[in-house]
Structure formats: C-alpha cells, structure tokens
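Colleague: Got a minute to walk me through this model? I'd like to start with one residue and then wander a bit.

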Amino acid sequence: MSATTITARVLTAEAFAPFGDVIEPDGSPDKIINQGMCGRFHDLARLDFGSGRAGISLFDAKARTLPYTVDMVERHPDGSQAFVPVDGVPMLVVVAEDQAGQPVNLKAFVSQPGQSINLHRGTWHGVLAPLGKPGRFVVVDRIGDGDNLEEFWFPAPHVVETIES
C-alpha cells in the first residue's frame, strides 16, 4: 500500500469544530476584571474528564518537519486533552473521524500564533508535533484510574506534505 498524502490547512474554529475547540481570544473580552487591568475571555473550551479529574502537565516536544509521516493516531476515551503552547511554536494537529472504532478521513491543521487546542473526548489525533523547532506545551487532561489511551497503527502511512496557502 502506498502512503496517502494530506495537505495541512490553517487552523480555524469552524474547520476544527468536529474534533475539538480552538482556544484563542476573539473580539473583545467577555469581562474586565482585576480593577480594569485584565480582560477575561471566558469558557473557551469544553473540558470533559469523565470519572477522573483535571491535571496540568508540561510537555517538552522535539521539532517535526514536513513532509511528516503519520503512521499512528491515538484517542482518549475518558477525557478531553488541551494543548497550550508555552513558546509560541506552531503545532501540526492531525485528527481523524471515527468510523466503527477506526480512524478515517484524516485532516491536518497548523496552529497560528495565539492559538491553543482542546481535543474532544474520544477524538482520534496524531502525536504532539511542534513545527520547525522544539516546543513546550501545557497540557490539561484527565488524571485517573483506568486506561485512557487507544492507539491505531495504519497499514500504510499518511504523509502531510504541504501547508495550504
């Protein structure tokens, strides 16, 4: 089997909505707090942890480049997972639809400055992939008992070759 090629698109809330939330300020803050010195953009992602609790971790990820081979995706059936870049490094976000428990119709997005993501519970996705240089990320996900990781290895890889202009 030959590799399937994918063109990455710029990450937008509308295109990413079936898979999760794009976390970024849009327009004016919902509230002004701290004696007028801080704008709050309120409740930008749907966090969902089932029977667990929210945990905050720091990931330190190695740089990836295009073309980028996707031979495996994973999902977390018991909780959502949010990625917040600390260093401002863009990330390649690969997601897939679910069809009878298997990932299909892979899509790739590239985050823009100021964007973070929250993957909905059970969404098939690629591994953390900062583009061009290493990156650190705050990750908010489920901490709790049980196995919250499913992996799917493709019989033939998918390759993200380019970024749509």
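**A buried aspartate**

Modeller: Sure. Asp-21 is buried (under 20% relative accessible area with a 1.4 Å probe, protein chains only), yet Asp-21 has no salt bridge. The nearest side chain of opposite charge is Arg-46, 5.9 Å away. A salt bridge needs a side-chain nitrogen of Lys or Arg within 4 Å of a carboxyl oxygen of Asp or Glu; Lys and Arg count as positive, Asp and Glu as negative, and His and the chain ends are not counted.

Colleague: And what kind of model is this?

Modeller: A predicted one: local features need pLDDT of at least 70 and side-chain atom pairs count only at pLDDT 80 or more, while totals for chains, interfaces and linings use all residues. Residues are numbered from 1 along each chain as its sequence is written, and side-chain values use heavy atoms, with hydrogens and water left out.

Colleague: Back to Asp-21: where is it found?

Modeller: In strand S2, residues 20–23. Strands (E, at least two residues) and helices (H or I, at least four) are DSSP runs, numbered from the N terminus.

Colleague: Which backbone atom lies 2.9 Å from a polar atom of the Asp-21 side chain?

Modeller: The backbone nitrogen of Arg-46.

Colleague: What else is Asp-21 in contact with?

Modeller: Contact means heavy atoms within 4.5 Å. Leaving aside neighbours within four places in sequence, the partners of Asp-21 include Phe-16, Leu-44, Ser-116 and His-120.

Colleague: New topic: how many aromatic pairs are there?

Modeller: Five. Rings of Phe, Tyr and Trp (its six-membered ring) pair if their centres lie within 6.5 Å; planes under 30 degrees apart are stacked, over 60 edge-to-face, and the rest tilted. Phe-16 and Phe-109 have ring centres 5.6 Å apart and planes at 90°, so they are edge-to-face.

Colleague: Why does that pair tie together parts that are apart in sequence?

Modeller: Because Phe-16 lies in helix H1 (residues 13–16) and Phe-109 in strand S9 (residues 102–110), the pair ties together parts 93 residues apart in sequence. Phe-16 is buried, at 0% relative accessible area, and Phe-109 is buried at 0% too. Ring pairs also link Phe-16, Phe-19 and Phe-109 into a cluster.

Colleague: Last one: how many residues of strand S7 are buried?

Modeller: Four of its five, across residues 81–85. Strand S7 runs antiparallel to strand S10 (residues 116–119), joined by three bridges, and antiparallel to strand S13 (residues 135–143), joined by five. Ala-82 stands opposite Asn-118 in S10, and in S13 the bridge partner of Ala-82 is Val-140.

Methods:
Buried means under 20% relative accessible area, exposed over 50%, partly exposed in between (1.4 Å probe, protein chains only). A polar contact is a pair of N or O atoms within 3.5 Å; within protein, one must be able to donate a hydrogen and the other to accept it, and residues adjacent in sequence count only if both atoms are side-chain atoms. Two strands pair if DSSP finds at least two bridges between them.
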